[in-house]
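Some questions about a protein fold follow, each with a short reasoned answer. The sequence and structure come first.

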Amino acid sequence: KFVFAAVANPAVLGWITSLFGQTGYRIIGSFYIGSLTGIFEIGITLFFAVFIKKMYAHASRAIGIGLGAGIIEALLIAFSQIGNMVFLMVQAQGGAEVIGSLVRTMSLNPLFFMLAPVERSIAILCHTSSRVLTLYAVMRRKYIYFWAGFLIMTGIDAIAGYAHLAGLIERISMWWIELALLPFALASIPIIQWCSRHWQEHKEGSYGQSDIVK
């Protein structure tokens, strides 16, 4: 996803701006950014699930896959941010700017130290529910559940994308953005519970006519 975005985003976002102006750039561009997450994360999950049946053999395995995706992403982001911070702070010319930026960020965000744990908790719940829905869709052969999972991840990254494209990151408290993402996380809890309750062991040829893709 990052490679595709690095190559395609400047051209795509520039094309959107030329057609729809700054308003279209923010709105349509944010949905474009969100759709990349849906395609490259949930779409890839669907692709592998079609060929690896053990991925959806049990509800617990599906939940584990979702948790793994969210937790690994959290670790990668944390290591990346720590690495960037250390690299910049050891530079004689950039250390003061980094500290100044950090001070400004803390002034905009009360309880700044809680921001990352809250954001990652929201993300992990959404990662889990979207992948559980995708694997449930493959197990039941009802792909409307896949589209529900696709929309969850597309929606949260569309909101984050809008915040970046509109320049809100440096102007408002990040807590407002987390509040906009919170409904997706709250909805993820009953979604995971519902899928878990309705899960069944996957058996080759066990699906009836009602389970055929519509």
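Q: What share of the contacts between residues at least 6 apart in sequence join residues at least 24 apart?
A: The model is a predicted one. Contacts here are counted between residues at least 6 apart in sequence. Of these, the share that joins residues at least 24 apart is 76%.

Q: How many helices and how many strands does the protein have?
A: Read along the sequence, the pattern is α-α-α-α-α-α. The count is six helices and zero strands.

Q: What percentage of the residues of the protein count as buried?
A: A residue is buried when its relative accessible area is under 20%. The protein has 214 residues, and the part of them that counts as buried is 36%.

Q: Which helix gives the most residues to the largest nonpolar core?
A: This core has 31 residues, and A49, Y56, C126, L135, F146, C195 and W199 touch the most other members. At least two residues each come from α1, α2 (59–89), α4 (112–140), α5 and α6 (174–197). With ten residues, the helix that gives the most is α4.

Q: Which residues does A49 contact, leaving aside neighbours within four places in sequence?
A: A49 is one of the residues that touch the most other members of the largest nonpolar core. It also takes part in the meeting of α1 with α4. Leaving aside neighbours within four places in sequence, A49 is in contact with M55, Y56, L135 and V138.

Q: How many residues are in the other core, which has A5, A8, L13 and I16 among them?
A: This core lies apart from the largest one. Its members include A5, A8, L13 and I16, and its number of residues is eight.

Q: At what angle do α1 and α4 pack?
A: The axes of these two helices are 10 Å apart, and α1 passes α4 in a right-handed crossing. On the α1 side the residues are E41, I42, T45, L46 and A49, which meet H127, S130, R131, T134, L135 and V138 in α4. By class, this contact has five nonpolar, four polar and two charged residues. The packing angle is about 35°.

Q: Are α1 and α5 oblique or antiparallel to each other?
A: The axes of α1 (residues 2–51) and α5 (residues 144–165) come within 8 Å and cross at roughly 140°. The contact has 14 nonpolar, ten polar and three charged residues. Roughly antiparallel requires an angle over 145 degrees, so the two helices are oblique.

Q: Are α4 and α5 roughly parallel or roughly antiparallel?
A: The axes of α4 and α5 come within 7 Å and cross at roughly 160°. An angle over 145 degrees counts as roughly antiparallel, so α4 is, relative to α5, roughly antiparallel.

Q: How many charged residues are in the contact of α4 with α5?
A: α4 passes α5 in a left-handed crossing. Among the residues that make the contact are C126, S129 and L133 of α4, and F146, G149 and I152 of α5. By class there are ten nonpolar and five polar residues, and the number of charged ones is none.

Q: Is S129 of helix α4 buried or exposed?
A: S129 lies in helix α4. Leaving aside its neighbours within four places in sequence, S129 is in contact with I152, S188, I191 and I192. Its relative accessibility is 0%, so S129 counts as buried.

Q: What distance separates the C-alpha atoms of G29 and G161?
A: G29 lies in helix α1, and at 0% relative accessibility G29 counts as buried. Not counting residues up to four places away in sequence, G29 touches L13, I16, G24 and L165. G29 and G161 are 132 residues apart along the chain, and their C-alpha atoms are separated by 7.7 Å.

Q: Does L111 count as buried or exposed?
A: L111 is in the loop between α3 (95–108) and α4. Its phi is near 55°, a positive value in a residue other than glycine. At 56% relative accessibility, L111 counts as exposed.

Q: What is the phi of R141?
A: R141 is found in the loop between α4 and α5. At 23% relative accessibility, R141 counts as partly exposed. R141 is not a glycine, yet its phi is positive, at about 60°.

Methods:
Residues are numbered from 1 along each chain as its sequence is written. This is a predicted model: local features need pLDDT of at least 70, side-chain atom pairs count only at pLDDT 80 or more; totals for chains, interfaces and linings use all residues. Side-chain values use heavy atoms; hydrogens and water are left out. Axes are lines fitted to C-alpha atoms, for helices over the stretch in contact, and angles run from 0 to 180 degrees between N-to-C directions. Helices (H or I, at least four residues) and strands (E, at least two) are DSSP runs, numbered from the N terminus. Angles under 35 degrees count as roughly parallel, over 145 as roughly antiparallel, 65 to 115 as roughly perpendicular and the rest as oblique. Ala, Val, Leu, Ile, Met, Phe, Trp, Tyr, Cys and Pro count as nonpolar, Asp, Glu, Lys and Arg as charged, and the others, Gly among them, as polar. A nonpolar core is a set of buried Ala, Val, Leu, Ile, Met, Phe, Trp, Tyr and Cys residues joined through side-chain atoms within 4.5 Å. Buried means under 20% relative accessible area, exposed over 50%, partly exposed in between (1.4 Å probe, protein chains only). Contact means heavy atoms within 4.5 Å. A crossing is left-handed if the near helix is turned anticlockwise from the far one by less than a right angle, and right-handed if clockwise.
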